[in-house]
Structures are given as C-alpha cells and as structure tokens.
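User: Could you take me through one part of this protein slowly? I am in my first year and would like to see how one piece sits among its neighbours.

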Amino acid sequence: MMDELGGTHAAKEARYFGSDVVVDFLQSKNIEYIALNPGASFRGLHDSIVNHGANSPEIILVPHEKVAVGIAHGFAKATGRMMGVALHDLVGLLHGTMGVYYAYVDRAPMVILGGAGPMDAARRRPWIDWIHTANVQNAAVREYTKWDDHPFSVAAIPESLERGWRIAGAHPQGPVYIALDADLQEEEVTGDRPRLRDHDSVPTQLSPDPHALESLADMLCAAARPVLIAGAVGRDPAMWTVLVELAELVGAAVVDTNIRHNFPNRHPLNLTGSDVVSEADLVVLLDVKDVGQHTGLLTKADRGGRLRSPAGAKIVDIGFGDIGISSWSVDYGGFYEADLRVTADTTAALPLLLDATRGRVSQEEAGHAQARHRRRAEFGRIHDDLRSRWSDVAQAPHLGEAMSTARLVHEVGQAIAPHDWILTAGTGNGWAPRLWDFDRHDRHVGRSLGTSTQIGISLGVALAYRGTGRLVVDLQPDGDLMFDASALWVASHHRIPMLVIMVNNRAYNNDWVHQKAMADERDTPRERTWIGITIEDPEPDFATLARSFGWHAAGPITEPDAIGAAVAEAIDHIQRTGMPALVDIVCSADD
C-alpha cells in the first residue's frame, strides 16, 4: 500500500487481543447492542467494540448499570433476542444487581459481561483495583442468574461465551453472567487464534407427556365452566392465535395475568378482572410461574398461598414447573396442589392440546355443542358488562379534584388510537388493558415488575422499535422515574423515539395503600398516612427535567381536556424528529 511519501510498504497485520475474541463472538451471534457505563476493568473490551470489526454491537451508553440491564431486559421482551451488557468490576456489578434480579424473575435472556480483577494480585494497580475486586465476583449474582462463569485463559473464553449464550436462550430463559479478567482482555494473541464455534444446535422445546395431554383434552371437553389462566404464553407470538382458537373451541374463559400479553383484551372470552375463577370447575394454568393475585386465585390480602378455587374444581398446570427454581429466591410463589401437572413448554404443548381437543369436539353430541354455545354467550355478556363499568369509571365527570388514573389513561388512549402504538410496561394501575384495544400480540410486552424498573425496560422496548415508525408509549409512574431520572438522557443521546406519559400521583401510592391499611387495623389517624409517602415540597417538575435532557416536554397537566392536544403535539414531534417526548399529567393517588 502507498505511504505518505509515495512509496509502498507491506500492509501491517492487525494485532489481536483477548477482548477481540469476545467481540468476534458478539458479532457471530448478531448481537446488535451492548449497554454499558464505561469502566476501566473492561477498557480492553470497550476498545475492541469500537475498533475491532465492522459489525460490532452499537454501544448504548447509560448513566447507571441497573438501567443497562433494564434496557437489555426490555429489548428481550420486545424482540425475543438478546442484547449484551457490560458491567464494571465488582462495583458496577453491585449497581446492576437489582436489574439482574428482575431479569431473572421475569425470565429475560441476556449475556452480561463483567470486567474483573486483574485477578492476579501482582498485576493490580494500588488501591482502586483492590477495592473493586472480589475473590469470587460472580457470587454477587450467582443466586439469581441461570449460570455464571469466569474463564481463566483467552483460549477458554469462546466456550464460556457459547455455553452462556445457549443457557440464557434455553427455556425457561434468564440472564447469565461471565466475568472477564482485565488482563485476559488485554492479553495479545500471537499464535493461533481461539476458535469460535461455527454452529451450535439450539435446544429443542420441552414437549409434554402425550398421555397427560390426552387427559387434559378430555377434561377440557367435559368441563362445564373451564377457565384458562395465561402467564407467559405470549412470549411466543405464535401462541396468540393458538390460545384464541383453543378458548373459542371449548368455550373457556381466559384470565390474562399480563406477565406477557397473551390474549386480545376485547375478545368476549377475556374475563380478566371478573370473578369467573370462583365458579370454575376446571382451571388450567398456562406457563404461570406464581399463582399470585393476577390469576384471580389469590388477592393481595391473602396469606399463606391457599387458592380461592371452588370446592371440587380441578387444577391443571402446564409449564416449566420446578425446573430451574432458585434455592435462594422464592419468586416461584406459594405451593398449591394440582390434579395434573404437565411439565412442558407451552409453545410445544398448546398446539398439541388444540389438535387433541379438536378431534374430541368434532365427535361430540349436539347437546355438548349447544351447552358450549350458551356458555360462550354468557361469558360474552360478563365481558361486555365489565367493559361498560370500566368505561363509566373512566369517563365520570371531573369535579375539580385531581383526575383519576382511569380518566388519564382514557384520554391518552383516545389520543394515541389513530397511531400504531406499543405499550412498554406499566399499565396505569391496570387501566390500559381495560380501556385500550390490545388487538395484536405486540401491543404490550407485559406488565411492569416494581418500582425502579420501568424506565430501563421501557427504553429497551423503544430501542427495539427504533426506526420502525411505531409509537412506543410508556405510562411512567412518577415514583419509579425518581430512581432513574438520568435515564432520560439515554433516549435523547441515542435518538430513541418514545412517548413518556407521566402517571404523576405525586406519591409512592402502592405504599400509601399499605399505610392506610395499617391505620385502619391499628386505629391510627388516616390523615397522617401521607408522611414519608408523598412526593411534594417540592413537586418534581418532570417536564423541565426532560427538557434539560433534550426532550420535547409538556406539563404538568391537571385538566383532562388538555391531555389530547398535549399528547398530539408530542406525537407530532416524535414523528417529525425521531426524538423522545414527555407529557407530565397529574392524577389522583387514591385509585
């Protein structure tokens, strides 16, 4: 090649380092993004991502490691694909732990790469490398990851990454953590380069016992009031239509726990929010990890995990059962007795169950078909009555007090209805699935998980849809954003279009409900329950905060009639510029 003086010289072969092995692996798996906050313990990896190869993942720069994990979490829920995450040594790992835990609870797959060490004490810099290093760094997340590893040579890195990738993606999915020694990242490879696997087979789905499935088909066809309770069935988009057809075929009511979006909310057999479970003679749990309040079998007030199923009702479970449960975290929920447990991936089991049931229904007597028709009609009336009552609540006159959350969600729903929207996590205290039309499997990735999780997950969903033209909507609780307000910078910096609607009740309302319960139980003053709960004096100005991070923003809005215009203006900004927008809406804390 020509040098600056016009002469020629041989092309210099690029040097190759341990961290280049990692990037080669990420490229081989078509990992599009890696979220990180920079740290010296993975400076080698950082350099390789920037400079090694043309198809390296895009770095998503974040202000906090928990947000990095949350973005990968939301991206996985929206796409079914994995992102990478890089966490700096022990301290970055500790920052990210809650995000890792919630990814584990929610079965979100990702490969988390941790800078480590140097593990060789003779190679550590004074003070900083010592306080950032642990003897067994992985132990900080071992109890709530599917697998972890810490390869001790460059040659061992490919196999570690390949195994981690396979384990994270095998159902039930979850995060894996692989610590990469800083010295190994920076070690130059002078001989043969470590070999990446050209091909590795994907684990097959866990299939059901055929005899158990035949028994369940018999039970479904014989039941007088069957109820299907859907957990994470919707993680596979193909199961959306399968579940609809199965419910219609047998005339079963469906309760959607909303861990994933499983069933169209306006389908007449969707009786989520009703007491249909209390009258069921057959309850079929479909990939339900925890039979908590969202199933209708338990409520928040129930203690001890005793199901509220009617006497004589049969309980059947199809799912992963006790596979992969932790000895440390009890996120698997309370123990319950079942008449039949079918250990299987619902993606494999439901189509087989549908086929078995079709055969039986096609041969049954006319009386059974007529009874099933009457049941469908009855469930349809219950469904319509629920929707009517919810609509009345949402459209009740606004009488000068703070608007209800239901009214807020109704007005926002009217404003976004003409657009092709996607809801990220939060549902506005459950009102979005009651009022909006969730007519497609990808309208929602599943409900939020708890305070200090939503903005990160929402950013991941929005990143997944960046460039598609779809309107990504985050019904964002104010208390949740207070934990991670700096995360707003990520969307503007990376040009991630999204519409954030602040559901701003100026309080940690879930805990306010608990304090009111304590006041009632102990006969202490209810008027003092706001202490240590409300977010005021001063009230955060979320619109000004968002504008400081480069967002379009409006609010605080206190009148329902002003919502439509503000949301329309925000959507127009998003569509014109590809940049994010926030509308701050103040609502009641008493829903």
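The part to look at is strand β1, together with the sheet around it.

User: Where do the side chains of β1 point, and which strands are joined to β1 by bridges?

Analyst: Happy to help! Please keep in mind that this is a predicted model. Let's start with the strand itself and work outwards.

Strand β1 covers residues 33-36. Its side chains point two ways: Tyr33 and Ala35 go one way, while Ile34 and Leu36 go the other way. All of these residues are buried.

Now look at the neighbours of the strand. Strand β2, made of residues 58-61, is joined to β1 by 4 bridges, and the two run parallel. You can find one meeting point by looking for Leu36, which stands opposite Leu61 in β2. To get from β1 to β2, the chain passes through helix α2, residues 43-51. This β-α-β crossover is right-handed.

Strand β3, residues 84-87, is also joined to β1, here by 3 bridges, and this pair runs parallel too. Two places help you line the strands up. Ala35 stands opposite Val85 in β3, and the bridge partner of Ile34 in β3 is Gly84.

Next, let's step back to the whole sheet. β1 belongs to an open sheet of 6 strands, in the order β2-β1-β3-β4-β6-β5, and the pairing is parallel. If you read along that order, β1 sits between β2 and β3. The edge strands are β2 and β5 (147-149), each of which pairs on one side only. On average, neighbouring strands in this sheet are turned by 20 degrees against each other, ignoring direction.

Helices pack on this sheet as well. The crossover helix α2 touches β1, β2 and β4 (110-116), and its direction makes about 125 degrees with that of β2. Helix α3, residues 65-79, touches β1, β2, β3 and β4. The direction of α3 makes about 170 degrees with that of β3. Notice that β1 is touched by α2 and also by α3.

For comparison, here is another sheet in the model. It is open, has 5 strands in the order β8-β7-β9-β10-β11, and its pairing is parallel. Its edge strands are β8 (253-256) and β11 (340-343), each pairing on one side only. Neighbouring strands here are turned by 15 degrees against each other on average, ignoring direction. Inside this sheet, 5 bridges join β9 (residues 282-286) to β10 (residues 314-319), and these two strands run parallel. To find one of their contacts, look for Leu282, whose bridge partner in β10 is Lys314. Helix α8, residues 210-222, packs on this sheet and touches β7 (226-230), β9, β10 and β11. The direction of α8 makes about 130 degrees with that of β11.

One residue of α8 is worth a pause. Cys221 counts as buried because its relative accessibility is 11%, under the 20% cut-off. Elsewhere in the chain, Cys587 also counts as buried, at 4% relative accessibility. The structure holds 0 disulfides.

To recap the part you asked about, the residues of β1 are buried, the strand is joined to β2 by 4 bridges and to β3 by 3 bridges, and the helices α2 and α3 both touch it.

Technical notes:
Residues are numbered from 1 along each chain as its sequence is written. This is a predicted model: local features need pLDDT of at least 70, side-chain atom pairs count only at pLDDT 80 or more; totals for chains, interfaces and linings use all residues. Side-chain values use heavy atoms; hydrogens and water are left out. A disulfide is a pair of cysteine sulfur atoms within 2.5 Å. Buried means under 20% relative accessible area, exposed over 50%, partly exposed in between (1.4 Å probe, protein chains only). Two strands pair if DSSP finds at least two bridges between them. A crossover is right-handed if, with the strands pointing away from the viewer, the path from the first strand over the helix to the second runs clockwise. Axes are lines fitted to C-alpha atoms, for helices over the stretch in contact, and angles run from 0 to 180 degrees between N-to-C directions. Contact means heavy atoms within 4.5 Å.
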